[in-house]
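Colleague: Please take one part of this model and go through it closely, starting from a single residue and working outwards to what surrounds it.

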Amino acid sequence: MKSTIFEYLSTSNNTLSIQDVVISFSAAAVIGLVIFACYKITHSRAVYSAKFNVSLIMMTMITTLVMSVIGNNVALSLGMVGALSIVRFRTAIKDVRDTTFIFWCIAAGICCGVSEFMLAGIGSLVVFVALIILGAVKSDEVYLISIKAGRTAESKITSMMNAYFSGKANVKVDNSSSESCELIYEVTKKMLDKKAGGLEIKEKLYSIDTVSVVNIICQSEELSR
């Protein structure tokens, strides 16, 4: 009984021919190129990482290779899970949408590895269209307005910022000493654009006595590679 179970677990039910291997990797390469094109088209950051985009193609083909090796061999699949569990990836994801492309590559590679080419093609087409349509969706950028002035001007600055942004500007930092103070407000790009790109508020703040520095900083969630 034990020998029968062991033989069942350790024996693959299918043997891939050279033709099957070529077809699987060709399909993975084609879908990888589609993912490559989709990432390049929907890319919205200032810094485009060509290396990451190329790695998406390789990830699709490598996943296909792993699935081709495993096949229907249960024992080999368990061993592969154990072997891959020791791998630790230290590369930080700079954009949350990059995770979508990574999972897309893995899913497409799995489908190609088990010869589900129709599922891989239709699924990739649906994801491609969805990303193209939703690629225009962008989060509103957050800006920080840093103001340095004398201690006596703090109340005037607070009143002006509340009146200028209709009370929607959030105070993030309030540092003060006996002679000076530093206030940092958080506003959105839409709030600044309605007010001539923030130029008007700078002039109004400088009109207050003892205001020496006004900085407008974009707090973007996207990090360069």
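**A helix and its cover**

Modeller: Setting aside neighbours within four places in sequence, Thr 60 is in contact with Ala 28, Gly 32, Ile 35, Cys 105, Ala 108 and Gly 109. The model is a predicted one. Thr 60 itself belongs to helix 3, which runs over residues 50–70. With a relative accessible area of 0%, under the 20% cut-off, Thr 60 counts as buried.

Of the contacts of Thr 60, the ones to follow here are Cys 105, Ala 108 and Gly 109. These three are among the buried residues of helix 5, and the others buried in that helix are Asp 98, Phe 101, Ile 102, Trp 104, Cys 111, Cys 112 and Gly 113. The cover over the buried residues of helix 5 includes helix 3, together with helix 2 (18–42) and helix 6 (117–134).

Ala 107 also lies in helix 5, which spans residues 96–113. Ala 107 has a relative accessibility of 39%, so it is classed as partly exposed, a label for values between 20% and 50%. The C-alpha atom of Ala 107 is 7.9 Å from that of Ala 120, although 13 residues separate the two along the chain.

As for the length of helix 5, its 18 residues at 1.5 Å each should span 26 Å, and the end C-alpha atoms are 27 Å apart, so the two values agree. Just after the helix, Ser 115 adopts a positive phi of about 65°.

Key. Residues numbered from 1 in each chain as written. Predicted model: local features only at pLDDT ≥ 70, side-chain atom pairs only at ≥ 80, totals over all residues. Heavy atoms only, no water. Helix = DSSP H or I, 4+ residues; strand = E, 2+ residues; numbered from the N terminus. Buried < 20%, exposed > 50% of the residue type's maximum accessible area, 1.4 Å probe, protein only. Contact = heavy atoms within 4.5 Å. Expected span 1.5 Å × (residues − 1).
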